[in-house]
Amino acid sequence: MNKTRITATIKTLALAITAIAIFSLGQSEARAETVSFSTAGCFGAGCIPAPADTTNGSGTATLSFTAQPPTTVDTGTPTGITVEDLGTFQLAGVGTFPATPFTLVVNQTVPTAGSGTFTGTLSGTLITNGSDVRIVFDQTFLVIGGVRYELNNLTNGNTLLLNSPATGGTTRISASISAPIPEPATMILLGSGLAGVAAGVRRRRKAAQK
């Protein structure tokens, strides 16, 4: 292979590698940073989660859950994680809640459509100036289409303590949301292969010049 052909081959490979690098960068910048979702919840065995408010009560004690309406967040932060509410609980009255199932569904539309479910158990007693009402969750995170939702503000790893009316009665449930950066694996492998070929051409060029 003469010098002119070697030079032309190197230039062609360099252009190909540059194009792949640009494509890969574009893929990275187009990664799933935007996440859109809403939630729905309900109390009781066999309940069907709905976006409307749902209430559970015992005596004069009531606990209502207000779902999160359609929300869009950006996970393209320096940490790759953002925190967003999944809904709000409102506690009122006095009384004891027997062990009652609670179901919270996350419905995701972007980057991919899908849903996931958190389940837990409500229990505890609500008095005039205090409360030990809580929801103990069976799991603290779920993944929908590669997007991870991990519950925050929990005690003992899996317990959400609900504020009593004496302190406002409102408790927000939130989650850390993170979306992975997809690797354009095929392009990376192709780029590596072309880089190896280019290195081989350079070695042959140096050997020809000796």
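Which residues touch the most other members of the largest nonpolar core? They are Phe89, Phe118, Tyr149, Leu162 and Ile173, out of 32 residues in that core. A nonpolar core here is a set of buried Ala, Val, Leu, Ile, Met, Phe, Trp, Tyr and Cys residues joined through side-chain atoms within 4.5 Å. Buried means under 20% relative accessible area, exposed means over 50%, and partly exposed is what lies in between, using a 1.4 Å probe and protein chains only.

Before going further, keep in mind that this is a predicted model, where local features need pLDDT of at least 70, side-chain atom pairs count only at pLDDT 80 or more, and totals for chains, interfaces and linings use all residues. Residues are numbered from 1 along each chain as its sequence is written, and side-chain values use heavy atoms, with hydrogens and water left out.

**How confident is the model?**

pLDDT is the predictor's confidence in each residue, from 0 to 100. The chain has a mean pLDDT of 81, and 70% of its residues reach 70 or more. Two stretches to treat with care are residues 18-30, where pLDDT stays under 50 and the model has 9 contacts beyond four places in sequence, and residues 185-191, again under 50, with 6 such contacts. A contact means heavy atoms within 4.5 Å. Where pLDDT is low, the predicted coordinates should not be read in detail.

**Around the core and strand S1**

Back to Phe118: leaving aside neighbours within four places in sequence, its contacts include Leu86, Phe102, Leu104, Phe137, Tyr149 and Leu151.

Now look at Ser36, which sits in strand S1 (residues 34-43). Strands (E, at least two residues), like helices (H or I, at least four), are DSSP runs numbered from the N terminus. Ser36 is buried, because its relative accessible area is 10%. Its C-alpha atom is separated by 5.5 Å from that of Thr71, although the two are 35 residues apart along the chain. Beyond four places in sequence, Ser36 touches Thr71, Thr72, Asn107, Gln108, Thr109 and Val110.

**Bonds and bridges**

There is 1 disulfide, a disulfide being a pair of cysteine sulfur atoms within 2.5 Å. Cys42 and Cys47 form it, with 2.1 Å from S to S, and both cysteines are buried. The disulfide is right-handed, because the torsion about its S-S bond is about 75 degrees.

Side chains of opposite charge can pair when their charged atoms come close. The structure has 2 salt bridges, each one a side-chain nitrogen of Lys or Arg within 4 Å of a carboxyl oxygen of Asp or Glu:

| Salt bridge | N to O distance |
|---|---|
| Asp85 and Arg172 | 3.1 Å |
| Glu150 and Arg148 | 3.3 Å |

The pair of Asp85 and Arg172 ties together distant parts of the chain, 87 residues apart: Asp85 is in strand S5 (residues 81-92) and Arg172 is in strand S13 (residues 170-178). Arg172 is partly exposed at 49%. In the other bridge, Glu150 counts as partly exposed at 32%, and so does Arg148 at 28%.

**Backbone oddities**

The loop between strand S6 (95-110) and strand S7 (114-127) holds Pro111, and the peptide bond from Val110 to Pro111 is cis, with omega near 10 degrees.

Another loop, between strand S11 (147-151) and strand S12 (159-161), contains Asn153. Asn153 isn't a glycine, yet has a positive phi of about 40 degrees. Asn156 is in the loop between S11 and S12 too, and has a positive phi of about 55 degrees. Asn153 is partly exposed at 40% relative accessibility, whereas Asn156 is exposed at 70%.
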